[in-house]
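Dear colleague,

I am passing on the structure we spoke about, and I would be glad if you looked through it with the notes below beside you.

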Amino acid sequence: MTSAVAAAGLGTATRAGVEVRLENLRRRYAGVTALDGLSLTMAPGELVALLGPSGCGKTTALRLVAGLEQADSGRVVVGGEDVTGQPTNKRDVGMVFQAYSLFPHMTAWQNVAFGLQMRKVGASQRRQRAGEMLELVGLGGFANRFAHQLSGGQQQRVALARALAIQPKVLLLDEPLSALDAKVRARLRDEIRRVQLEVGITTLFVTHDQEEALAIADRVGVMQSGRLEQLGPPTTIYSRPATPFVAEFVGLTNRLAGVVRGGDVEVRGTRLPLVQPDAADGPAVALVRPEAVTFANNEDTGPGPLVGTVIATAFLGATSRVTVDLGDVTILAQLPTSEASAHPAGTRVRLALRPDPVLIARDEAAAGRA
Amino acid sequence: MIAAGHPDVKTARRPREGGRRFPLHWIGALPFLLYVALFLLLPTVIVVVGAFAGKDGPTLSNITDLNQQFVLNAFVSSLLISTASALVGAVAGALLAYAVATGNPRGVLRRVVSSACGVLAQFGGVTLAFAFIATIGSVGFIRLWLQDRGIDIYSNGVWLTELPGLVLVYTYFQIPLMVLVFLPALDGIRPQWREATESLGGGTWHYWRYVAGPLLAPAFLGATLLLFANAFSAYATAAALISQGNPIVPIAISNFLTSETGRNNPGLAQALALGMVLIVAIVMTLYALLQRRTSRWLR
């Protein structure tokens with residue numbers, strides 16, 4: 001694979017990734033704010049995933065970088081050059097769309113060679129480069145197939161090869177895996193990351209799938225209402241969410257009523273440290289990850305705030321997700337499958353909360369029940 | 001209690017293997033198929049047989065009679081009118097369909113044009129001929145209104161009842177038909193293809209030259225062929241406008257079947273009809289092939 005990249009002249013030595021800056025981008029559609037002052041700097045060769053629910057502005061951000069839409073204000077700077085006013089075909093960006101973007105009347109290699117044709121690359125060089133790019137994405141033997149003769153995953157690989165063939169400064173991926181089934185999605189996700197690392201291209205990846213974003217990105221930007229809620233490495237986003245929205249959007253979260261006192265929050269008789277220790281005292285909702293919920297060593301299942309009945313167990317492979325009814329609330333615990341299977345549905349269990357730092361939300365209604 | 005080895009479960013009877021069952025959903029199509037058989041296939045067979053039948057048995061004389069100047073002229077005129085009205089209808093209809101396709105999918109333009117085209121594509125015959133006679137006929141109110149202002153659209157003769165007039169009148173139903181047939185192809189063009197072209201360095205010209213043009217070409221050609229066949233087989237409108245001579249093939253067939261002046265010649269009429277059937281069959285085969293390609297690309 002590496003030789004294919006080298007032969008295609010796409011190694012980092014030929015074109016190292018460039019820095020990409022989005023500066024205070026704003027965009028409104030008919031009174032609705034899609035982007036509200038988005039700023040983001042991507043390091044050369046970095047893969048940043050923008051993650052968020054529908055309508056959060058992530059696709060708008062990507063389209064502004066591509067030049068497919070114009071910002072109301074703000075700048076897009078690629079490799080030190082302000083491209084804000086440039087049309088898409090002058091920006092030197094490669095783009096992979098959600099699906100159905102291959103030209104259906106062209107074969108795979110004709111699709112890949114199309115951008116080179118637009119750049120007036122000679123026919124023999126086009127054919128050679130297109131072949132090398134198809135090798136890079138593992139589709140060397142599919143050069144003469146049309147889109148309708150390829151699976152969804154293969155089509156997206158060709159689209160990736162087509163985007164990379166022109167040696168763009170930036171690669172933009174607009175939910176490229178969303179139309180694929182789970183198994184193909186996971187495989188292609190790894191494939192995209194491998195190719196991106198080999199080529200060393202700065203990449204913006206837009207997705208609403210948190211697992212995808214956490215798995216593929218150097219940094220993840222979680223967006224809501226046109227703003228970046230948090231930008232950081234996947235581990236930080238997951239384990240140190242900056243806001244309740246991030247905590248609840250990324251991964252599963254138990255919302256447990258508690259009371260903040262002196263930099264800790266007391267939840268059902270257990271004191272947990274806070275991510276923000278300067279939080280004011282008072283009722284609050286603690287956002288507790290299922291991994292922080294365990295079975296207590298204490299076998300006593302007499303009445304207590306963390307004693308309840310297992311009502312369901314979802315097998316996830318090495319781990320299982322156990323749902324426990326505590327009477328006034330149900331709580332999720334993610335446990336090793338061997339441990340979970342020892343407590344089938346109907347079993348009385350005592351839970352414990354691991355003292356990981358937790359985030360709180362000021363949800364008065366819920367906190368009032370604490 | 002269920003004894004081991006004797007499950008108290010009755011399994012559904014498996015369908016009989018082997019032997020084909022008549023697909024029941026075909027029953028719904030039977031009346032239509034019967035109708036087509038009676039009024040399309042049977043007449044075609046009658047035409048084919050009749051074209052080779054004479055008073056004394058099988059003959060090629062009807063076919064050889066086609067090689068007469070007035071018959072050839074009728075075929076040439078029919079082909080010219082059909083080609084001209086198909087081309088005009090295809091271009092104008094494609095432009096209108098493009099305007100609709102690029103507009104709001106739920107907008108007024110699409111709803112109005114779609115509904116109007118559905119009606120107007122079937123608008124022909126005496127009513128259509130009358131509409132043109134009443135407006136731009138020799139005593140039509142638009143003709144007279146223009147004449148009062150010094151503009152005589154018939155300074156070189158009343159062309160409405162000649163071949164140019166037929167092209168104009170046919171265009172009236174050709175444009176709506178083109179919209180109906182071509183709009184689905186335009187709707188099948190995905191916005192991502194233009195965006196992909198742009199992100200790969202292409203502009204509007206490149207998009208139309210290399211992407212949208214080749215994708216739409218089979219649909220456009222196929223629709224044009226359909227329009228050609230539509231005009232080629234049209235009879236009632238031409239018959240209502242033209243009362244003399246054998247200017248086009250359908251009128252010539254009618255004249256040879258119903259003439260009261262001794263020119264009655266059913267054999268020649270059937271030979272003419274056979275010629276029409278062959279031409280329309282070739283055109284429709286090409287249309288079907290192009291449609292197949294279009295449907296593969298523009299799903």
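How many helices and how many strands are there in chain A? Chain A has 11 helices and 20 strands, and please keep in mind throughout that this is a predicted model.

To begin with the overall picture, chain A has 370 residues, of which 43% count as buried, and its C-alpha atoms fill a box of roughly 80 × 45 × 40 Å along the principal axes. The domain assignment divides chain A into domain 1, residues 2-244, and domain 2, residues 252-367, and the centres of these two domains, taken over C-alpha atoms, are separated by 39 Å. If you consider the contacts in chain A between residues at least 6 apart in sequence, 68% of them join residues that are at least 24 apart.

Turning to the interior, the largest nonpolar core has 168 residues, and those touching the most other members are Val65(A), Ala286(A), Met178(B) and Phe182(B). Helix α7 of chain B, residues 163-187, gives the largest share of this core with 14 residues, while domain 1 and domain 2 of chain A each supply at least three. If you would like to follow one of these residues by eye, take Met178(B), which, leaving aside its neighbours within four places in sequence, is in contact with Gly89(B), Ala90(B), Gly93(B), Ala94(B), Ala97(B), Ala223(B) and Leu227(B).

Another place where the two chains come together is helix α8 of chain B, residues 191-199, in which Glu195(B), Ala196(B), Thr197(B), Glu198(B) and Ser199(B) are buried. The cover over these buried residues includes α2 (58-66) and β6 (93-96) of chain A, together with α9 (204-232) of chain B. After α8(B) comes Gly201(B), which has a positive phi near 105°.

Next come the strands of chain A. Five of them form an open sheet with antiparallel pairing, in the order β15-β19-β16-β17-β18. Because β15 (293-295) and β18 (330-336) stand at the edges and have a single partner strand each, one side of each is left without a neighbour in the sheet. Neighbouring strands of this sheet are turned by 50° against each other on average, with direction ignored. At the β15(A) edge, three bridges join that strand to β19(A), residues 348-353, and Thr294(A) has Ala352(A) as its bridge partner there.

A hairpin is formed by β12(A) and β13(A), with two residues between them. Strand β12, residues 264-267, and strand β13, residues 270-273, pair in the antiparallel sense over four bridges, and one of the bridge pairs is Glu266(A) with Arg271(A). In the turn, Arg268(A) has a positive phi of about 50°.

Such values deserve a second look, since most residues other than glycine have a negative phi. Ala30(A) has a positive phi near 40° and lies in the loop between β1 (20-29) and β2 (32-42) of chain A; it counts as exposed because it has 4 C-beta neighbours inside 10 Å. Gln167(A) also has a positive phi, near 50°, and lies in the loop between α5 (152-165) and β7 (170-174) of chain A, but it counts as partly exposed because it has 18 C-beta neighbours inside 10 Å.

With best wishes

Terms used. Residues are numbered from 1 along each chain as its sequence is written. Chains are lettered from A and ligands numbered from 1 in the order in which they are written. This is a predicted model: local features need pLDDT of at least 70, side-chain atom pairs count only at pLDDT 80 or more; totals for chains, interfaces and linings use all residues. A residue is buried if 20 or more other C-beta atoms lie within 10 Å of its own, exposed if 12 or fewer, and partly exposed in between; C-beta atoms are placed from the backbone. Two residues are in contact if their C-beta atoms, placed from the backbone, lie within 7 Å. Domain bounds come from an automatic or database domain assignment. Two strands pair if DSSP finds at least two bridges between them. A nonpolar core is a set of buried Ala, Val, Leu, Ile, Met, Phe, Trp, Tyr and Cys residues joined through C-beta atoms within 7 Å. Axes are lines fitted to C-alpha atoms, for helices over the stretch in contact, and angles run from 0 to 180 degrees between N-to-C directions.
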